[in-house]
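These are my notebook entries on one protein chain. I record what I looked up, topic by topic.

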Amino acid sequence: MKTVAVCVQVRLGDTNVLTTRPQMLFVATASGLAPTTNLVEGACVEDYDPIAHANVDFFPVHVTGASEFYGKVSSDYALLWDVSYHGTYKLLVNHLREETYVLWQCGTPRPEVEGADGYFEVPVRRAATTSTTYMPYFEIVGERLSLKAYTSTFEYVSSPCLRVLHRDGDVRVAVNETTGVFNLREDEVELTIADEWTVDRVPWGYSITDTHEDTVFQVVEYIEVVGLFFNREHEATLAVERILNAYVCLRDEILVEHPDEKKKIVIAGYVTSADAFGISSCPNWYCEVVRDAGGELLLFEGEGAVELWGSAFMSLEQLLELAADADAVVSPAPLPDYDHPTTEWLLGNLTDLGIPLFDNQGPLGHNDWFERRLAEPDAVLADYAVVLETTSGPRNFFRNLTAGEPAGAMVPDDALDAACPNPDAPYHYLLSAASDCLDAQQRASSSSSSSSSSKKSSNSSKTTLIVVLAVLLGVFAVATLAASLAFVARRRRQAAAKAAFEATAANANAKAFELVPQTENNAMLQDHKDNQ
């Protein structure tokens, strides 16, 4: 049989460097032995044979059932994208834009797919993004180092590790800050993860349509969309599973502990240029989060008194009127300083009503909210639950202005190395009531499994002891039987010997009777009896 060696190479610029990483090497025979894991970190198939590998799946870590959370992703909750797999390539469909993209495995021939709107060779090596919102997606799937450019200033970036990479020249600001023109081509990017407003202005763009999804479960699966371009289905799916499990754990815990009580909340983001507040509406992601946090969202039903950019916003007076029956007010946008007239007036009036006021300037500042809110909805749920007092724990995003908390801030430049000693380190999820709930649940499950294993082990030990005792008893019984049989045999031999002796003696005595007088014969018989 002909053996075809199929290894991989990592593409670094124009140089091909062979790698010996176990996860990137496999050997395929002419019958088409498949790889056991997806090729990542720029790895390519080498010596592809269209005949030998005609039936090989080069994306092996996948499942087809939407109910499973391992390997190949599927849009279990997302409505606006889908993916299918075809051996050497994937088809990523963006339903909102009615576009289909071909993601084909490096080292295999580029397929020709009728109606395709774009082609990406995967795994992608160099990528860019137009929004800080999508930066955590790269970090979560393990591709932080692949992000090479960002089309805005790094003043908006919260991630300490990405800021270290930017400081060291590994991530570039790819925009002319004077003209606003993007210049990504000099970064040789192969993919730009973009929002729908900028996707047509960038090379190799893919539009993330998360803003058109209605639920946090739908939105969080866009982590998987980003993972597709890096063959990181496994990492992306595990991340989504962890995030959703934490969210569901806290949601269910709140439902059990607060089944009927629904605290009321107003969510209205402050708009600086209008000095007014946004008007919430449902369905939307925050409607779901408030419900799951054990709350009820109060909605403004009138016409906003302040107009800007063709939109209406609530005035301060309208917001205060809406908040009169609320248990808390949250602005998911930064409020002005405490001495600003708007903050001073609103905080004073809400304090008189006994209603706490929060904004999104938590411990790491408002940029962290915009950067991580979509990627970690479990932490967002936890913050709203803490605000509504349906759970306890740290707040990661919200600050309590009523309590006089200062506005949070990003990690200072001189503390970046301490905050991120290794830019290639795994992503660190926020610690929250949701993550605590999941940890406790997993410990309980582990303890239960350990207890079950101990019981099984104990029962197994008891069974083993019984078997050993049975064996010992059996051995003892066999030994006893053998001894009894030996004893019987020995008695039989003794009886036979005695009979033979007596027969011999009787024969000898008979002869003696013939040779001696009667009186001597009687003496001889008596001596014989005494000897017996």
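**Entry 1: Disulfides**

I began with the cysteines: counted along the chain, the bonded ones pair in the pattern 1-2, 3-7, 4-8, 5-6. I note at the outset that the model is a predicted one. My search of the whole structure returned 4 disulfides. A disulfide is a covalent bond between the sulfur atoms of two cysteines.

I looked up cysteine 161 and found that a disulfide joins it to cysteine 420, with an S to S distance of 2.0 Å. This pair links distant parts of the chain, 259 residues apart: cysteine 161 is in helix 2, and cysteine 420 is in the loop between helix 11 and helix 12 (433–515). The torsion about their S-S bond is about 105°, so I entered the disulfide as right-handed. Is cysteine 161 buried or exposed? Its relative accessibility is 11%, and because buried means under 20%, cysteine 161 counts as buried. Cysteine 420 also counts as buried, at 2% relative accessibility.

Next I looked up the disulfide of cysteine 249 and cysteine 437, whose sulfur atoms are 2.0 Å apart. Cysteine 249 lies in helix 5 (residues 233–257) and cysteine 437 in helix 12, so the pair ties together parts that are 188 residues apart in sequence. I entered this link as left-handed, with -75° about the S-S bond. Cysteine 249 is buried, at a relative accessible area of 9%, and cysteine 437 is buried at 8%.

I then turned to cysteine 282 and cysteine 287, which form a disulfide with sulfur atoms 2.0 Å apart. The torsion about the S-S bond is about -105°, so this disulfide is left-handed. Cysteine 282 is partly exposed, with a relative accessible area of 41%, whereas cysteine 287 is buried, with 15%.

**Entry 2: Helix 2**

I returned to the helix that holds cysteine 161. Which residues of helix 2 (residues 160–167) are buried? I listed Cys161, Leu162, Arg163, Val164 and Leu165. Their cover includes helix 1 (135–140), strand 11 (147–150) and helix 11 (416–419). Just after helix 2, I noted that glycine 169 takes a positive phi of about 85°.

**Entry 3: Strands 7, 8 and 9**

I looked up the partners of strand 8 (residues 99–105). Strand 8 pairs with strand 9 in the parallel sense over 5 bridges, and with strand 7 (residues 89–94) in the antiparallel sense over 6 bridges. Strand 7 and strand 8 form a hairpin with 4 residues between them, and glutamate 98 in the turn has a positive phi of about 55°.

I recorded individual partners as well. Tyrosine 89 has tryptophan 104 in strand 8 as its bridge partner. In strand 9, phenylalanine 120 stands opposite leucine 103, and valine 122 stands opposite glutamine 105.

How many residues of strand 8 are buried? I found 6 of 7, and strand 8 is mostly covered. In strand 9 (residues 118–122), 4 of the 5 residues are buried, so the strand is largely enclosed by the rest of the structure.

**Entry 4: Cavities**

I searched the whole structure for cavities of 30 Å³ or more and found 2. The largest has a volume of about 70 Å³. Which residues line the largest cavity? I listed Thr215, Val216, Val219, Trp285, Val289, Arg373, Leu374, Pro377 and Val380. The lining divides into 7 nonpolar, 1 polar and 1 charged. Helix 3 (216–220), helix 6 (285–292) and helix 10 (377–387) each supply at least two of the lining residues.

Conventions: Residues numbered from 1 in each chain as written. Predicted model: local features only at pLDDT ≥ 70, side-chain atom pairs only at ≥ 80, totals over all residues. Heavy atoms only, no water. Buried < 20%, exposed > 50% of the residue type's maximum accessible area, 1.4 Å probe, protein only. Contact = heavy atoms within 4.5 Å. Pairing = 2+ DSSP bridges. 1 Å grid on protein atoms, 1.4 Å probe; cavity = no way out; pocket = protein on both sides within 12 Å on 5 of 7 lines; lining within 4 Å. Points joined across faces, edges and corners; volume = space filled by probe spheres on them. Nonpolar A, V, L, I, M, F, W, Y, C, P; charged D, E, K, R; others polar. Disulfide = S-S within 2.5 Å.
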